[in-house]
Amino acid sequence: MIKAIAEIIKKDCLQSGTYSFILKNKQVAQEAKPGQFINILIDGFTLRRPISICEIFEDSIRIVFAVRGKGTAKMAEWDVGKKVDIIAPLGNGFKDAASGEKLLVVGGGIGTPPLLELAKRSNYVKSILGFRNKDMVILEEDYKKQGTTVVCTDDGSYGENGFVTKFLIQSLETEKFDRIAACGPKPMLKAIAEIANKYNVFCEISLEERMACGVGACLGCQCIIEKDGKKQSAHVCKDGPVFKSCEVLL
Amino acid sequence: MINKMAVNVAGVDFKNPLITASGTFGYGREYEQFFSLDKLGGISIKGTTDKPRMGNLSPRIAETPMGMLNSVGLENPGIDYFVEKTLPWLLTKNTTIVANIAGSTPEACAEVAEKLDATDIHMIELNISCPNVKQGGAAFGTSAKAAYEVVSKVRQKTKKPLMVKLSPNVTSIVEIAKAAQSAGADALSLINTLLGMRIDINSKRPILRNNVGGLSGPAILPVAIRMVWQVYRAVDIPIVGGGGISSAEDAIEMMIAGASAFQVGTAIFTDPYTPINILNDIDKWMTENNIKNINEIVGTVLEW
Ligand SMILES: Cc1cc2nc3c(=O)[nH]c(=O)nc-3n(C[C@H](O)[C@H](O)[C@H](O)COP(=O)(O)OP(=O)(O)OC[C@H]3O[C@@H](n4cnc5c(N)ncnc54)[C@H](O)[C@@H]3O)c2cc1C
Ligand SMILES: Cc1cc2nc3c(=O)[nH]c(=O)nc-3n(C[C@H](O)[C@H](O)[C@H](O)COP(=O)(O)O)c2cc1C
Ligand code: FES
């Protein structure tokens, strides 16, 4: 974890309001692991913005973000050449990919980017990506390069019609998977955790919480986990953002 | 060579006047990955209570113009855990350690102080001002009588230098400051956070799960400066000033208003190197202004 300057070397608009940056910083790229995040300083704002690492390259990382409020709107104005002040890499990512392991990735909306690097590192991956509608679909091609990919929309305007959970159950009924990695809105994660439990598949989920320090000092980002039948406090920025779905209370 | 930045607050030496504010710096473990804790004047630890506390439900953080709200609610592992597991490690650091303590009754506060009395901790900071706990906390800090009672109870149980941290959420901070002084406080620290609230206009839900929380960050600097100035004129014990400090200029302003030392909190979230930058810039400012000893500037405001 360092405070570093990373230069935007590529900017893409994936959908209206959703952007992709490639940020160049060798040390951060070399330390980073799938599922970790970075904390971005935006001039004029007291708090940094946490954004997940989407891809890791030799001397750069990729992030994908949606404009949600004032801070991300400011970030969307940034262009190639902008030097960004980041603290990175932060948190605990996914369990390392192991060879011979079959991974099922389940992403919802802006929860799809944090799963891409893990998918890239797995020999065998099937991806289920859910979006509200056609205009929200992102990263389809990126995931297709890694393996079988199901894209679904809530309103059926693109790909399959229905929620990710429907296709998750279908996948688990027809094929044996060793692990699931999921990110998306809380209700979706809750449903996925229940399904993983029912099918007895190891499942990790990436959580979001409002943060101040991003490093584990302020205790601002608490979530509750249950270990050995006891409720305990955990902090998304330091103990997560990735948790075992059977341990975290959603 | 004399250290031009060294200060002494109620008999406690600090190698420089910068203390990291309680609750914003944990115990220093995380920020030690950025810089050596030896550089700091002192560290005020996360508010510690008699028993472990889980704190309030999330969300606990909301951003505000030039600041933030928090409703952490004194999440901490309890005094026994702190004394056994964390304090020995902290005391190996070459900096001054201040134990920030709180409790829901005067007796609970006194018990924590008594346990610290038997350790090598350098100073106790009694928080009578946390806006995030239902009982105690703010209640002690908002009436002179209650403040007097809790400070005296704690005073009876400890010989450690005792600093009392005051709430700004009061009609007259001077009254509370005087009560704490007469109950035996050796120093005062101010200000804690100001009670605030934010609401999501779409869901109509408060952002904080606790509905309300404490405002900190640059937005509160002028309130803190004003209160330090008022209290400095009313009491004889030293003041540690804090609230919204994010630059050397802010810190110097706080000292000119009457603070013998100062605390930095929220600004560390924006930039973890804020404490280091502030210290370097104060050093430069002293050289440029030919100030030989930082204590020279304390309380030198020339009010109209
Ligand atoms: C670990 C982690 C990883 C994330 N990864 C991504 C990602 O890869 N892509 C992406 O688009 N978004 C991601 N988010 C969400 C992203 O941080 C928020 O959308 C963003 O902070 C909103 O900022 P804003 O200024 O636009 O919104 P505002 O509503 O103006 O922000 C106000 C405050 O609330 C905080 N906040 C608002 N929404 C969220 C949220 N959902 N989660 C956490 N804090 C929030 C902001 O950080 C800021 O402090 C992630 C969040 C976390 C915690
Ligand atoms: C996340 C957070 C947690 C805090 N926890 C405590 C605490 O446990 N005890 C305490 O006395 N003050 C606590 N405070 C108050 C700070 O120590 C400080 O007094 C206040 O934030 C004002 O200073 P600042 O503007 O520099 O942050 C906390 C503040 C924040 C932001
Ligand atoms: S944001 Fe400070 S502990 Fe997680």
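In the hairpin that strands E14(A) and E15(A) make, with two residues between the strands, Asp228(A) takes a positive phi near 50°; this value, like every other given here, belongs to a predicted model. The two strands run antiparallel, and six bridges join E14, residues 222-227 of chain A, to E15, residues 230-235 of chain A. One pair that can be followed across the hairpin is Ile225(A), whose bridge partner in E15(A) is Gln232(A). Ahead of this hairpin, the loop between strand E13 (202-206) and E14 of chain A holds Leu219(A), a residue that has a positive phi of about 65° although it is not a glycine.

Strand E13 also leads into the sheet of chain A, where seven strands in the order E11-E10-E9-E8-E12-E13-E16 form an open sheet with mixed pairing. The edges are taken by strand E11 (160-161) and strand E16 (242-244) of chain A, each of which has a single partner strand, so one side of each is left without a neighbour in the sheet. Elsewhere in this order, strand E8 (residues 102-108) and strand E9 (residues 124-131) of chain A run parallel and are joined by seven bridges; among the paired residues, Gly108(A) has Gly130(A) as its bridge partner in E9(A).

From the strands of chain A the path leads to ligand 1, around which there are 21 residues, with Arg49(A), Pro50(A), Gly71(A), Thr72(A) and Arg210(A) coming nearest. Which chains contribute to this site? Residues from chains A and B surround ligand 1, so the site is shared between chains. The polar contacts include two with arginine side chains: an N or O atom in the side chain of Arg49(A) is 2.7 Å from an oxygen atom of ligand 1, and a polar side-chain atom of Arg210(A) lies 2.7 Å from an oxygen atom of the ligand. A nitrogen atom of ligand 1, in turn, is 2.9 Å from a polar backbone atom of Val64(A). Taken alone, ligand 1 exposes 830 Å², of which the protein buries 86%. The elements giving two or more residues to its shell are strand E4 (49-52), strand E6 (60-66) and helix H2 (70-77) of chain A, and the largest share, four residues, comes from E4(A). Sorted by class, the shell around ligand 1 holds ten nonpolar, four polar and seven charged residues.

Ligand 2 has 22 residues around it, and those that come nearest are Ser22(B), Lys165(B), Gly217(B), Gly244(B) and Thr266(B). Ligand 2 sits in the largest cavity, and its shell divides into five nonpolar, 15 polar and two charged residues. Backbone atoms take part in the polar contacts, with an N or O atom of Gly244(B) lying 2.7 Å from an oxygen atom of ligand 2 and a backbone N or O atom of Gly47(B) lying 3.2 Å from an oxygen atom of the ligand. A side chain contributes as well, since an N or O atom of the Lys46(B) side chain is 3.1 Å from an oxygen atom of ligand 2. On its own, ligand 2 has 610 Å² of accessible area, and the protein covers 97% of it.

Two peptide bonds of chain B complete the tour. The bond from Ser58(B) to Pro59(B) is cis, with omega near 0°, and Pro59(B) is found in the loop between strand E4 (42-44) and strand E5 (61-64) of chain B. A cis peptide bond also joins Leu190(B) and Ile191(B), with omega about 10°, and Ile191(B) is found in the loop between strand E10 (187-190) and strand E11 (194-197) of chain B.

Key:
Residues numbered from 1 in each chain as written. Chains lettered and ligands numbered in written order. Predicted model: local features only at pLDDT ≥ 70, side-chain atom pairs only at ≥ 80, totals over all residues. Heavy atoms only, no water. Near = heavy atom within 4 Å. Polar contact = N/O pair within 3.5 Å; in protein donor to acceptor, adjacent residues only side chain to side chain. Areas by Shrake-Rupley, 256 points an atom, 1.4 Å probe, with all protein chains shown as cover. 1 Å grid on protein atoms, 1.4 Å probe; cavity = no way out; pocket = protein on both sides within 12 Å on 5 of 7 lines; lining within 4 Å. Sits in = over half its atoms within 2 Å of the grid points. Nonpolar A, V, L, I, M, F, W, Y, C, P; charged D, E, K, R; others polar. Pairing = 2+ DSSP bridges.
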